[in-house]
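Open the model in your viewer and keep the selection box ready. The tour goes from one stop to the next, with something to select at each.

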Amino acid sequence: MRFQHGLLAAIGLTAALTSSPALAAEQAAINKGEVNVYSYRQPFLIQPMFDAFTRKSGVKVNVVFAKKGLVERLEQEGRNSPADLIFTVDIGRLSDAQNAGVTQSVSTPILTGVIPQSLRQSDGHWYGLTQRARILYVSKDRVPLDDAPKSYEELADPNWKGRICTRSGSHVYQVALTAAMIAHHGEARAKDWLSGLKANLARKPQGNDRAQVKAIKEGECDISLGNNYYFGLMLQNEEQFAWAQSVYPVFPTLAGNGTHVNISGMAMTKASPNKENAVKLMEFLTSNLAQQMYAEQNFEYPIAEGVPQSGLLRSMGKLKPDTLELDKVAENRPMAIKLINEVGYND
């Protein structure tokens, strides 16, 4: 199986995990000097940035996309892996790659100078590329803006009993928020918050972030949790446009600080055969050009300071991100999952 430019059809689990060491070595030789990416992010989201890098540097970027199995593939390929970089979303998935031992530390003045300390692994095993805020979607018809919750902690207030919708508490986005709650408030208080939030649910946790906004439109609940970029995606969808029009976004605070953010990010693989060019690509993706492309196309927030946000993001309101280091969120994920199960959040 050879790399192809752009989309390589989503790899079946068996195919993704059965590359022989000899085949991997052949791939590395074929693509020597190029940059080979394993990506959980769909190609249409990242290919424009890779194309811009190639135009600037002359270095080709080859992409293998899969919905799952790439970390396992890296483990099997070992030192013969042709992959230089792995791209994914959520701090949990980046942390899982590091914990599996398939990443390596890399640090340059550009990477550490542009990417805030809170949004990169302390030893350089992964770096954030964009920020995605976990916001509230609030019913325009049933909740006056002045009465909407101003913090995540308020979601456990009995005033909202039967009025909140969320996706599964075990989903990585919800786990990250719970882990941040633990980091700020400790285990006992985080468990109380989870119990209070569960008591306020209008229905059993289900669906994705957009499904919660649909439920608000249909009157099942008044408030939901969701990532900010879904607002833009719904506005671009003929069926979902009315869902987005039925809510307004609120940027809640956590522990009196800013809004909880997660990231899309990148990590250099442990066996990277083209490390020099891979570093060049990593640095390019922190440039103003690449950061603005991300912001405009994906409705995500740039990490580089001073890069303009998309018009839609500006219209949603000002994001003041929580500066809690995502390293600490990653550390608290196992406890977050334990607490979610203990309170029976998904029952």
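A pocket, as the word is used here, is an open set of grid points with protein on both sides within 12 Å along at least five of seven lines. The model on the screen is predicted.

**Stop 1: the largest pocket**

Start with the largest pocket, which holds about 730 Å³ of space. Select Gln42, Leu45, Tyr173, Tyr229 and Tyr230; of the 23 residues that line this pocket, these are the closest to its centre. Next, colour helix H3 (43-57), strand S3 (85-89), helix H10 (229-235) and helix H13 (288-298), the elements that each give two or more residues to the lining. Which element gives the largest share of the lining? It is H10, with three residues. If you colour the lining by class, you will find 10 nonpolar, six polar and seven charged residues.

**Stop 2: H3 against H13**

Keep H3 and H13 on the screen and hide the rest. Their axes are 10 Å apart, and the two helices pack at an angle of about 155 degrees. Are they roughly parallel or roughly antiparallel? Angles over 145 degrees count as roughly antiparallel, so H3 is roughly antiparallel to H13. The crossing of H3 with H13 is right-handed.

Now show side chains. On H3, select Phe44, Leu45, Ile46, Pro48, Met49 and Ala52; on H13, the residues they meet are Ala290, Met293, Tyr294, Gln297 and Asn298. This contact has nine nonpolar and two polar residues, and no charged ones. Leu45 is a residue to label, being one of those closest to the centre of the largest pocket and also part of the contact with H13.

**Stop 3: H16 and its two partners**

Select helix H7 (residues 172-185) together with H16. The axes of H7 and H16 lie 8 Å apart, at an angle of about 105 degrees. The two helices are therefore roughly perpendicular to each other. From H7, the contact uses Val172, Val175, Thr178, Ala179 and Ile182; from H16, it uses Arg333, Met335, Ala336, Ile337, Leu339 and Ile340. Sorted by class, the contact of H7 with H16 has nine nonpolar residues, one polar and one charged.

Leave H16 (residues 333-342) selected and add helix H8 (residues 187-199). Here the packing angle is about 45 degrees, with the axes 10 Å apart. That angle makes H8 oblique to H16. H8 and H16 make a right-handed crossing. Glu187, Ala190, Lys191 and Leu194 of H8 meet Met335, Leu339, Ile340 and Glu342 of H16. The contact of H8 with H16 divides into five nonpolar and three charged residues, with no polar ones. Label Met335, Leu339 and Ile340: they take part in the contact with H7 and in the contact with H8.

**Stop 4: a cavity**

How many cavities of 30 Å³ or more are counted? The count comes to one. The largest cavity has a volume of about 50 Å³. To see what lines it, select Ser118, Leu119, Ala180, His260, Val261, Asp322, Leu324, Leu326 and Val329. By class, this lining has six nonpolar residues, two polar and one charged.

Terms used: Residues are numbered from 1 along each chain as its sequence is written. This is a predicted model: local features need pLDDT of at least 70, side-chain atom pairs count only at pLDDT 80 or more; totals for chains, interfaces and linings use all residues. Side-chain values use heavy atoms; hydrogens and water are left out. Axes are lines fitted to C-alpha atoms, for helices over the stretch in contact, and angles run from 0 to 180 degrees between N-to-C directions. Helices (H or I, at least four residues) and strands (E, at least two) are DSSP runs, numbered from the N terminus. Angles under 35 degrees count as roughly parallel, over 145 as roughly antiparallel, 65 to 115 as roughly perpendicular and the rest as oblique. A crossing is left-handed if the near helix is turned anticlockwise from the far one by less than a right angle, and right-handed if clockwise. Contact means heavy atoms within 4.5 Å. Ala, Val, Leu, Ile, Met, Phe, Trp, Tyr, Cys and Pro count as nonpolar, Asp, Glu, Lys and Arg as charged, and the others, Gly among them, as polar. On a 1 Å grid over the protein atoms alone, a cavity is a set of points where a 1.4 Å probe fits but cannot get out, and a pocket is an open set with protein on both sides within 12 Å along at least five of seven lines; lining residues have an atom within 4 Å of a point. Grid points are joined across faces, edges and corners, and a volume is the space filled by probe spheres set on the points.
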